[in-house]
Amino acid sequence: MKNPEIEIKETKLLSDNWYILNKVSFSYKNQKDKPEIQIREVYDRGNGAGILLYNTIKKTVILTRQFRLPTYMNGNKTGMMIEVCAGLLDKDNAEQAVIRETEEETGYRLKKVEKVVETYMSPGSVTEILYLFVGEYDETMKVSAGGGLDAEQENIEVLEYTFDEAYAMIESGEITDAKTILLLQHAKIKGLV
Ligand SMILES: Nc1nc2c(ncn2[C@@H]2O[C@H](COP(=O)(O)OP(=O)(O)O[C@H]3O[C@H](CO)[C@@H](O)[C@H](O)[C@@H]3O)[C@@H](O)[C@H]2O)c(=O)[nH]1
Ligand SMILES: [Mg+2]
């Protein structure tokens, strides 16, 4: 349902070089019931899905490591990020997307995943909704090396840690990615691993 208090006045395309950056003017009724005009830049890079793969027998999780330029530009010395497997939705739904990304990035072919939560990760500037899942894996599901698509120059390293090791990496600062922290904490709270 649209909010009747909001009226989009103008949407100006600033960049569609890869994803879409718009400058949007809109009127917004403030707390005193007066319409005020605001201008905000909005980055639309679609929606995404991420998944924590876990094994209850070995008490392990699968994570990935890859270079993330924006973090390199903002204080991450090596630019490398340890993250749960994740990717953008194509035209598929979140569940299909996360199963596809899991195979591309980690080499595990999952049949079943469980939805945890839907979240806006950066609601002041990025439109993206991230659909987060957990899924059980074992060695019978390994069908390839993973590593991501060569065509997309992904160069993704696949890592297996015990759950306790991974969880401790939040506190030590080795894991700083929000979706990864959220899913590891979910697993801890629910006693999944
Ligand atoms: N050439 C080019 N390629 C780009 C650009 N931006 C992204 N790409 C490429 O597009 C591909 C997207 O890969 P996915 O696996 O689908 O997405 P992701 O980058 O892993 O995104 C996931 O993590 C993000 C960060 O946490 C999440 O925001 C996102 O929802 C998703 O979960 C990557 O190969 C990336 O390098 C660009 O400006 N130019
Ligand atoms: Mg990815």
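Let me begin with helix 2, which contributes the largest share of the lining of the largest pocket, namely 4 residues. Please keep in mind throughout that what we are looking at is a predicted model.

The pocket in question has a volume of about 1,500 Å³, and 39 residues line it, with Y19, R45, R68, E83 and L88 lying nearest its centre. Besides helix 2 (94-106), the elements that each give two or more residues to this lining include two other helices, helix 1 (69-72) and helix 4 (178-190), together with strand 4 (48-55), strand 5 (60-67), strand 6 (80-83) and strand 7 (85-88). If we sort the lining residues of the largest pocket by class, we find 16 nonpolar, 10 polar and 13 charged.

Where does the largest pocket lie with respect to domain 1 and domain 2? Residues from domain 1 (6-44) and residues from domain 2 (48-190) both take part in its lining, and therefore the largest pocket lies between the two domains.

Let me now turn to the second largest pocket, whose volume is about 300 Å³. Its lining is made up of K2, N3, I6, I8, V24, F26 and Y28, and at least two of these residues come from each of strand 1 (6-15) and strand 2 (20-29). Of these elements, strand 2 gives the most, with 3 residues. By class, the lining of the second largest pocket holds 5 nonpolar residues, alongside 1 polar and 1 charged.

So much for the two pockets, and I am happy to go back to the structure with anyone who would like to find these residues.

Key. Residues are numbered from 1 along each chain as its sequence is written. Chains are lettered from A and ligands numbered from 1 in the order in which they are written. This is a predicted model: local features need pLDDT of at least 70, side-chain atom pairs count only at pLDDT 80 or more; totals for chains, interfaces and linings use all residues. Side-chain values use heavy atoms; hydrogens and water are left out. On a 1 Å grid over the protein atoms alone, a cavity is a set of points where a 1.4 Å probe fits but cannot get out, and a pocket is an open set with protein on both sides within 12 Å along at least five of seven lines; lining residues have an atom within 4 Å of a point. Grid points are joined across faces, edges and corners, and a volume is the space filled by probe spheres set on the points. Ala, Val, Leu, Ile, Met, Phe, Trp, Tyr, Cys and Pro count as nonpolar, Asp, Glu, Lys and Arg as charged, and the others, Gly among them, as polar. Domain bounds come from an automatic or database domain assignment.
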